[in-house]
Amino acid sequence: MGAMLQCVTAGESHGSALIAVCSGLPAGIEFGTADLEHALARRRLGYGRGARQKFEQDCTRILSGLRHGKTLGSPLAIEIQNSEWCKWTAVMSPDRVPPEELLVDAGKGDSREVARNKILTKPRPGHADFAGMLKYGFTDARNVLERSSARETAARVALGAVAEALLAQVAGIHLVSHVVSLGDISVPDDAAVPSYADTEALDENPMRCFDAATSDKMVARLEAAKQSGDTLGGLVEVLAYGVPVGLGSYVSADRRLDARLAAAVVSIQAIKGVEIGRAFRQAALPGSQAHDPIYLKSEQAPHESEKTNVSCGVWRPTNLAGGIEGGMSNGSPIVVRAPVKPISTVPQALPTVDLATGQPAVGLHQRSDTTAVVPAAVIAQAEVAVVLASALLEKTGGDSVAEAKRNLEAYLGRLRERTSF
């Protein structure tokens with residue numbers, strides 16, 4: 001069974017624009033350019049970012065699928081223009097360019113104008129350069145790095161913003177993301193977990209960390225890494241509140257919600273793994289302690305923080321499963337964690353091979369970020385939102401928001417009847 005939503009992005013890092021297209025959306029989702037711009041601005045936040053975030057603004061345009069602030073049910077197409085395109089028109093031209101045009105400074109008197117025109121033959125360790133050049137037969141790594149660049153995630157965040165609007169308006173589902181660790185600095189195990197209401201505070205925190213003391217330590221650790229010419233990775237977490245029981249399925253591997261979330265999140269550049277709930281902690285526990293007990297709400301009066309099930313008359317005192325059992329949402333908050341590797345292009349360039357000469361070389365340093373962990377949290381939130389929105393529509397159906405809401409309420413009514421002992 002294919003996903004209800006079909007999302008695709010197009011464009012290169014220094015091309016004229018990125019394009020995001022989403023088909024399968026119901027009519028009636030309230031959304032607008034301001035919502036899109038707000039989401040993209042959150043992606044540019046975070047301590048440790050390079051200068052590119054200051055001058056590369058996201059100029060957006062909604063091309064189709066929206067009228068007077070509501071989706072039409074037709075494919076939604078979004079354009080994110082490259083404000084620096086004027087500097088790259090020759091290098092990234094879709095049409096043939098006379099060789100001599102790549103040997104001048106474009107009249108700006110800037111030596112970088114010539115440097116960016118040069119063929120890149122030294123693949124950077126940790127990037128797609130090496131495998132991509134060999135796979136596609138390219139002699140210039142730019143043909144690889146332009147599309148494999150994390151700049152593409154701006155389009156993913158745009159799609160995630162639409163998905164979050166759908167989730168909230170159909171089912172009251174809200175998402176939040178935060179940074180759990182940076183390098184060797186981690187939030188305490190007993191630290192408070194943010195809710196959706198904490199989103200604004202997280203946006204204002206330089207490390208998107210919910211624990212103030214840990215955030216200060218992260219900033220200091222980043223400064224030390226920057227001074228030593230190094231980069232840092234970390235761990236991000238996405239939480240989705242209000243997800244009803246029964247999204248996803250156990251009947252087929254490609255319908256399992258955890259599998260779909262894992263695939264989506266690990267597809268983000270620099271993310272090499274995914275954890276649902278506390279999977280690695282579960283692996284170290286005996287079975288008697290590794291699973292989340294189920295209680296009737298009438299059996300015990302749970303503490304407010306323990307009322308984890310929004311769909312029916314049960315509650316769970318713990319959520320080690322991260323809201324998913326047997327490939328299906330179980331009514332507890334969905335929890336997805338992902339490790340983000342340090343930025344591969346480090347200032348102290350790593351050894352590589354020049355594929356043009358066969359000689360030892362060092363990788364090209366093309367960016368100045370010290371970490372991408374903060375934006376990675378926002379990007380992971382977008383990916384989780386798209387998967388959950390698709391799974392929600394599979395459950396509810398409906399050509400409009402109103403119809404999907406009616407179908408969901410009928411389903412939830414049956415759940416409440418089933419568990420109202």
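Biologist: Which helix does Arg-43 lie in?

Modeller: Arg-43 lies in helix α1. Please bear in mind that this is a predicted model.

Biologist: Is Arg-43 buried or exposed?

Modeller: Arg-43 is buried, with a relative accessible area of 6%.

Biologist: At which residues does UniProt place a "binding site"?

Modeller: The UniProt record, an unreviewed entry, places the feature "binding site" at Arg-43 and Arg-49.

Biologist: And Arg-42, where does that lie?

Modeller: Arg-42 also belongs to helix α1, which spans residues 33–43. Its relative accessible area is 9%, so Arg-42 counts as buried.

Biologist: Which residues is Arg-42 in contact with, leaving aside neighbours within four places in sequence?

Modeller: With those neighbours set aside, Arg-42 is in contact with Thr-199, Asp-203, Arg-208, Val-378 and Gln-381.

Biologist: Let us take Val-378, then. Which helix is that in?

Modeller: Val-378 lies in helix α12. The residue is buried, with a relative accessible area of 3%. Leaving aside neighbours within four places in sequence, Val-378 is in contact with Arg-42, Arg-43, Ser-177 and Arg-208.

Biologist: How many residues along the chain separate Val-378 and His-178?

Modeller: They are 200 residues apart along the chain, while their C-alpha atoms are separated by 7.9 Å.

Biologist: Changing topic to the sheets. What is the strand order in the open sheet of 5 strands?

Modeller: The order is β8-β7-β9-β15-β10, and the pairing is antiparallel. The edge strands are β8 (185–186) and β10, each of which pairs on one side only. Helix α12, residues 373–396, packs on this sheet and touches β7 (174–182), β9 and β15. The direction of α12 makes about 145 degrees with that of β7.

Biologist: How many residues of β15 are buried?

Modeller: Strand β15, residues 334–340, is mostly covered, with 6 of its 7 residues buried.

Biologist: How many bridges join β9 to β15?

Modeller: There are 7 bridges between strand β9 (residues 234–241) and β15, and the two run antiparallel. Among the bridge partners, Gly-234 is matched with Val-340 of β15, and Leu-239 with Val-335 of β15.

Biologist: And how many join β10 to β15?

Modeller: Strand β10, residues 275–276, is joined to β15 by 2 bridges, again in the antiparallel sense. Ile-276 has Val-336 as its bridge partner in β15.

Biologist: What is the order in the sheet of 4 strands?

Modeller: That open sheet has the order β1-β2-β6-β3, with antiparallel pairing. Its edge strands are β1 (6–10) and β3 (58–64), each pairing on one side only. The twist averages 15 degrees from one strand to the next.

Biologist: Over how many bridges do β1 and β2 pair?

Modeller: β1 and strand β2 (residues 17–23) pair over 5 bridges in the antiparallel sense. One of the bridge pairs is Val-8 with Val-21 of β2.

Biologist: Which strands of this sheet does helix α6 touch?

Modeller: Helix α6, residues 153–171, packs on the sheet and touches β1, β2 and β6. Its direction makes about 30 degrees with that of β2. As for helix α1, it lies across β3 and β6 (76–82), running at about 140 degrees to β3.

Biologist: Now α4. Which of its residues are buried?

Modeller: In helix α4, residues 129–136, the buried residues include Asp-129, Gly-132 and Met-133. They lie on the same side of α4, because they cover an arc of only 100 degrees around the axis. On the other side of α4, Ala-131, Leu-134 and Lys-135 are exposed.

Biologist: What do the buried residues of α4 pack against?

Modeller: The buried residues of α4 pack against α5 (142–148). The residue following α4 is Gly-137, whose phi is positive, near 75 degrees.

Biologist: One last topic: how many disulfides does the structure hold?

Modeller: The structure holds 0 disulfides.

Biologist: Why does Cys-86 not form a bond with Cys-59?

Modeller: Cys-59 has the closest cysteine sulfur to that of Cys-86, but the separation is 11 Å, which is too far for a bond.

Biologist: And is Cys-209 buried or exposed?

Modeller: Cys-209 is buried, with a relative accessible area of 3%.

How values were computed:
Residues are numbered from 1 along each chain as its sequence is written. This is a predicted model: local features need pLDDT of at least 70, side-chain atom pairs count only at pLDDT 80 or more; totals for chains, interfaces and linings use all residues. Side-chain values use heavy atoms; hydrogens and water are left out. Buried means under 20% relative accessible area, exposed over 50%, partly exposed in between (1.4 Å probe, protein chains only). The arc is that of the directions from the helix axis to the C-beta atoms. Contact means heavy atoms within 4.5 Å. A disulfide is a pair of cysteine sulfur atoms within 2.5 Å. Two strands pair if DSSP finds at least two bridges between them. Axes are lines fitted to C-alpha atoms, for helices over the stretch in contact, and angles run from 0 to 180 degrees between N-to-C directions. UniProt positions are given in the numbering used here, feature names are shortened, and annotations may be inferred rather than shown by experiment.
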